[in-house]
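Please look through the structure shown below, and keep the sequence at hand while reading. The paragraphs that follow move from the overall picture to single residues and their surroundings.

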Amino acid sequence: MTSSSNWSVSTDDAVSVLGFTAKLPCDITPPEKDDRPTLVLWFKEGDHVRPIYSYDRRGANEFRPKHWADESFLGQRAEFMAKETPTHLRLDRIRESDRGTYRCRVDFKKSPTRNSKVNLAVIIPPQRLSVLDEKGDHIQNYILGPYNEGASVNITCIASGGRPQPRVIWWQENNLLDDSWEVLSENRVKNVLWLEKLQRRHLKQVYTCQASNNEIVAPISSAVSLDLNLRPLWVKLLGENRPLSAGQAHEIKCEAVGARPQPQMSWWKGSTPLKKAKEEMSSDFNRTVSTLRFVPTMEDSGKILSCRASTPTIQDSMMEDGWKLNISHIPVVALAMGGSLNASGIKEGVDVYFECNIKSNPWVYRVTWRHNGEMLYNNRSVGMILSNQSLVLQSVSRASSGIYTCIASNQEGDGESNPLYLDVKFIPVCRPGQQKVIGVARGEIVRILCEVEANPPNIDFSWKFNSSRETIDIEPNHYTVEKTRSLFGFTPMTELDYGTLYCWGKNVLGKQKEPCIYTVIPAGKPDAVRNCSITNLTVDSLQIECMEGFDGGLSQEFFLELYDADSRLFISNTTSTVPWFFISDLSSGQNYEIIIYATNSKGVSDPTILQFTTLKASMRGLTSRDNPPLMLQLTPLISTLVGIVAALTLVALIIILIMRIRESSDDEKSHSKMSSEAVKESSESAESIEKNPDIIPQNNEYSDGEEKTFESFNTRLYPQHLGAEKSSIPKEELTYAELSHASSVYTNMLSQQPQHCIDPLQYSHLDSSLCHVTAETPLICTSARESTMVPIREGQPLQQCHWTPQQKQQQQQQQQHHVVTATRF
């Protein structure tokens, strides 16, 4: 790049190649340190009066300069590189029309405007090279010749296009041969290379013609190679003639020396040409080695293996060398089925035998058999007999189908026979692994798929339905058949539509002996899980494993809900396809309750409730390998103090035990007394109870489990409380009621889950005169009724006890009957 300047405008020169990038310099350094450029404008002299590019840092664009380019001239090819040194306008993908003079105008905030010019020259590289032989013809395939040794040849290279005119030179590898060229016209330059008296050293040499008019891009080039015709001096098989093993690959080499061009080499076995040979030429192009990968067979023994080399363009140039082959081979084995058997008509139950025909040198010392790649052994108990070169299969089954081979072994190796496929025909049998129990609801469509295995696979199906009332043959138009599959669909509407379906298949060999059986049952909700156990309990996790119950005839899922056992608050839930769960992120030493249940499309099973307490953090320290427990070092003084404390503790425990035994004896006496009074009271009113059908009888004959529980519960747990009320409430007017317990946060959450539980009887002692109720039974389980009932708490008056005068009169009449009643809410 050159530059010139005068008092007003400096001028620089820039050069670029067509299609490449040009950099047009423009100095935007301000004359003063406290000044800065605000606007840079680019113009192209001649065709463009208006700016073609601007770089604007005025006003709001001071920190984010704005770039603009003339779309019609520059498009997206230009960018002003203000942060590079020197600053310049970069033009990409230079065109021939881009050459010319460009002016850069720089406006500063304080200093005067600066102008500079750049003369851009666009170089057009040469477009094409043509290499011609001495006849003026284009050289085909870039190979010149072939020429005979001692001949002379000239090669002409013509370069077309380019501005300025290119230089045309000849190279031989890295050697410059000729750098003189001649101008034919404004766009054509040529260089002629003369080669005199060609010798062996000229063979396959590469001559390269290059044309270039710049140092920016690589020159264009065209290369040709020189080919000479020479006879081979000799052809020879390398190594020794030794015995070859049939079936194994051997590499045999043959060299040809002195042939030019590279000789045409071929291998022959007798009169048969051989392929799979590769050739290598020495660095001096004087020796060619052909390597044959030869796999002989036993039939090759005694034949001649020969190597030939020739120069195709020179008559009578062929030369040959050969060996007589001596072949040892592994056994050649052919497997065939017994001649009296029809391979396409083998049925189950028939006997099949195979013959293994062997040709071997030396003779075999072992014959083995394979079925589908698995080794077979002689076993007469299962009907498999191996004898010399024969295999007998007695009473074949469908499992006998497959590919059979025999293998013969000698010192050369193992020879395997052709594979022979045994196709055993058999009547249909049920395909294993099918769903046998199908659950379906009334009015629901069920489609039952019957699949069988058979050979041949063209099957005719028949179906029967057996219920508790009758057995019905199903018409063919009610089911579909597709090869070895049949699909039957029906909709059970009554209980009699449930039962057992039988499916038979039939092919040309006969009908299926044992049908495929499918039991259709009413679909219902699944049974609860059972035999749940908690394993791997740690301070913050555990594993639960349960056994799944009956799935109701449908696919089921298992749900686990985790609650805080103390606050009854819901913590988390999880779902699984099997009743195995792992729970983590628990608190140490915390009481938890787990509810597990199964669901299917028909409902939810009864829940299984488990309670557990995680290990405390201190217990984890006892078993931790990383944090071994601190061991207390005993001293004589500490040992004495520990002994004294242990003795005092033992004495205290003995005193407490004696006191508990005495209290237990007193309670048993009080319990016996109260039980006798209760029996006496019940006997006084037995006659009136038996005569009134609305009164629950007290004898054990008509008492269900809940009433027995109630009787035992109130007699055993609360004798002192009943005695305290005796003074104010007559025994004959006691009323017992079954109550639902009050709802809580825990029970409200449970009521939102698909859980089921059995409500235990809730009994309360009712004071009918004071309209107060005292609950005597702790809360056990929630139910769906809970949301609709008003809970009754201890000491709380009943809302229904605000009686009218008529109600009070009826109540007094009822008290005169002296009847003990039980009411279930």
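Helices and strands are taken here as DSSP runs, of at least four residues in H or I for a helix and at least two in E for a strand, and they are numbered from the N terminus. With this numbering, Asp27 is placed in the loop between β3 and β4 (37-44). The model is a predicted one, and in it Asp27 has a relative accessibility of 45%, so this residue counts as partly exposed. Leaving aside residues up to four places away in sequence, Asp27 touches Thr87, Val106 and Arg114. The C-alpha atom of Asp27 is also separated by 9.2 Å from that of Asn115, although the two residues are 88 apart along the chain.

The protein as a whole has 7 helices and 61 strands. Of its 825 residues, 38% are buried, and about 49300 Å² of the protein is exposed, with carbon and sulfur atoms supplying 51% of that area. When contacts between residues at least 6 apart in sequence are considered, 64% of them join residues at least 24 apart.

Two further loop residues can be set beside Asp27. Asp300 belongs to the loop between β26 (287-294) and β27 (304-310), and its relative accessibility is 2%, so Asp300 counts as buried. Its contacts, again without residues up to four places away in sequence, are with Lys269, Phe294, Val295, Leu325 and Ile327. Between the C-alpha atoms of Asp300 and Gly270 the separation is 9.1 Å, while along the chain these residues are 30 apart. Ser417, in turn, is found in the loop between β37 (413-416) and β38 (420-422), and because its relative accessibility is 7%, Ser417 counts as buried. Beyond residues up to four places away in sequence, Ser417 touches Val333, Ala334, Leu335, Thr405 and Cys406.

The aromatic side chains offer another way into the model, which holds 11 aromatic pairs. In one of them, the ring centres of Phe488 and Phe490 are 5.4 Å apart and the ring planes meet at 15°, so this pair is stacked, given that planes under 30 degrees apart count as stacked. Both partners are placed by their accessibility as well: Phe488, at 7% relative accessibility, counts as buried, and Phe490 counts as buried at 16%, since the cut-off for buried residues is under 20%. Ring pairs also link Phe488 and Phe490 with Trp463, Phe465, Tyr479 and Tyr518 into a cluster. Tyr518 has a charged partner too, as the charged end of Lys436 sits over its ring at 5.1 Å from the centre. Elsewhere, Arg398 lies over the face of Phe426, and the distance to the ring centre is 5.6 Å.

Turning to the surface, Val15, Phe20 and Ile216 make a nonpolar patch of about 270 Å². Within this patch, Phe20 lies in the loop between β2 (9-17) and β3 (22-25), and its relative accessible area of 40% makes Phe20 partly exposed.

The last part of this walk concerns the backbone. Most residues other than glycine have a negative phi, and most peptide bonds are trans. Against that background, the peptide bond joining Thr85 and Pro86 is cis, with omega at about -5°, and Pro86 has its place in the loop between β7 (78-81) and β8 (88-91). Another cis peptide bond runs from Asn455 to Pro456, where omega is near 5°, and Pro456 is found in the loop between β41 (446-455) and β42 (460-466).

Which values of phi do Arg93 and Asn536 have? For Arg93, phi is positive at about 50°, although this residue is not a glycine, and Arg93 is placed in the loop between β8 and β9 (100-108). Asn536, also a residue other than glycine, has a positive phi near 55° and is found in the loop between β49 (530-535) and β50 (542-547). With a relative accessibility of 54%, Asn536 counts as exposed, because the cut-off for that class is over 50%.

Definitions and conventions: Residues are numbered from 1 along each chain as its sequence is written. This is a predicted model: local features need pLDDT of at least 70, side-chain atom pairs count only at pLDDT 80 or more; totals for chains, interfaces and linings use all residues. Side-chain values use heavy atoms; hydrogens and water are left out. Rings of Phe, Tyr and Trp (its six-membered ring) pair if their centres lie within 6.5 Å; planes under 30 degrees apart count as stacked, over 60 as edge-to-face and the rest as tilted. Buried means under 20% relative accessible area, exposed over 50%, partly exposed in between (1.4 Å probe, protein chains only). A charge sits over a ring if NZ of Lys or CZ of Arg is within 6 Å of the ring centre and within 35 degrees of the ring normal. Patches are made of residues with over 30% relative accessible area and no salt bridge: like charges are joined within 9 Å, nonpolar side chains (Val, Leu, Ile, Met, Phe, Trp, Tyr) within 5 Å. Accessible areas come from the Shrake-Rupley method with a 1.4 Å probe; for residues, only the protein chains shown count as cover. A salt bridge is a side-chain nitrogen of Lys or Arg within 4 Å of a carboxyl oxygen of Asp or Glu. Contact means heavy atoms within 4.5 Å.
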